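Work through the exercises below with the sequence and the structure at hand. Each task is followed by a stepwise solution.

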Amino acid sequence: MLNDLLNQETVQLTDATDLSWEAAIRLAAQPLVANGSVTEQYVNSMIDVVNNQGPYINIGDHIALAHTRPENGSNRISLALLKTNHDIALVNQDHPITLWFVLSAVDSESHLEVIKQLMTLLTNEATVKQLMAASSAEDLLTIIHSRNE
């Protein structure tokens with residue numbers, strides 16, 4: 001499932017040095033808005049949740065998993081990834097992020113397999129180092145797909 005959701009349309013890389021964490025989430029979510037998986041309301045809700053609850057989406061060293069409730073504009077299960085070549089502070093400097101995942105689910109269970117596969121990928125230290133060192137979206141996809149066959 002992870003290999004289906006993370007593809008050439010949903011994986012991006014940027015060299016931008018002036019992104020705020022809000023802009024990074026918006027950019028990471030843009031492919032999902034473009035393909036109709038989520039609405040702009042969903043994106044705004046992800047940002048609102050972090051503003052209200054803090055950087056709880058920081059799920060590992062330099063990794064964020066942005067998401068919100070399905071009723072806030074999710075149309076189908078989806079996942080996107082933005083790698084920033086520069087750390088971006090999520091709320092504050094204590095939470096530098098480089099890998100920005102955006103997850104959308106339509107209920108409380110349909111996304112569990114995606115989460116399981118993503119956590120398997122992201123708990124492998126060597127794989128995370130490779131993702132951090134990737135220099136293109138194609139490299140990111142090769143790493144992800146080779147670890148998730």
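## Exercise 1: the sheet

Task: state the strand order of the sheet and name its edge strands.

Solution. Step 1: five strands make up an open sheet, ordered S1-S4-S5-S3-S2, with mixed pairing. Strands (E, at least two residues) and helices (H or I, at least four) are DSSP runs numbered from the N terminus, and two strands pair if DSSP finds at least two bridges between them.

Step 2: strand S1 (11-14) and strand S2 (58-60) are the edges, each pairing on one side only.

Step 3: on average, neighbouring strands of this sheet are turned by 25° against each other, direction ignored. Axes are lines fitted to C-alpha atoms, for helices over the stretch in contact; angles between N-to-C directions run from 0 to 180 degrees.

Step 4: S1 pairs with strand S4 (residues 78-89) in the parallel sense over four bridges. Gln 12 has Leu 82 in S4 as its bridge partner.

The model is predicted: local features need pLDDT of at least 70 and side-chain atom pairs count only at pLDDT 80 or more, while totals for chains, interfaces and linings use all residues. Residues are numbered from 1 along each chain as its sequence is written, and side-chain values use heavy atoms, with hydrogens and water left out.

## Exercise 2: H2 and H3

Task: describe how helix H2 packs on helix H3, and which strands H2 lies across.

Solution. Step 1: H2 (residues 21-34) and H3 (residues 40-53) pack at about 150°, and their axes are 10 Å apart. H2 is therefore roughly antiparallel to H3; angles over 145 degrees count as roughly antiparallel, under 35 as roughly parallel, 65 to 115 as roughly perpendicular and the rest as oblique.

Step 2: H2 and H3 cross in a right-handed sense. A crossing is right-handed if the near helix is turned clockwise from the far one by less than a right angle, and left-handed if anticlockwise.

Step 3: the contact (heavy atoms within 4.5 Å) includes Trp 21, Ile 25 and Val 33 of H2 and Val 43, Ile 47 and Val 50 of H3. By class, eight nonpolar, two polar and three charged residues take part in the contact of H2 with H3. Ala, Val, Leu, Ile, Met, Phe, Trp, Tyr, Cys and Pro count as nonpolar, Asp, Glu, Lys and Arg as charged, and the others, Gly among them, as polar.

Step 4: H2 lies across S1, strand S3 (63-66), S4 and strand S5 (96-104), and runs at about 150° to S4.

## Exercise 3: H5 and H6

Task: give the angle, handedness and contact residues for helices H5 and H6.

Solution. Step 1: H5 (residues 125-133) packs against H6 (residues 137-147) at about 160°, with axes 9 Å apart. H5 is therefore roughly antiparallel to H6.

Step 2: the crossing of H5 and H6 is left-handed.

Step 3: Thr 127, Gln 130 and Leu 131 of H5 meet Leu 140, Ile 143, Ile 144 and Arg 147 of H6. The classes are four nonpolar, two polar and one charged.

## Exercise 4: backbone

Task: locate His 62 and Val 91.

Solution. His 62 lies in the loop between S2 and S3, with phi near 70°. Val 91 is in the loop between S4 and S5, with a positive phi of about 70°.
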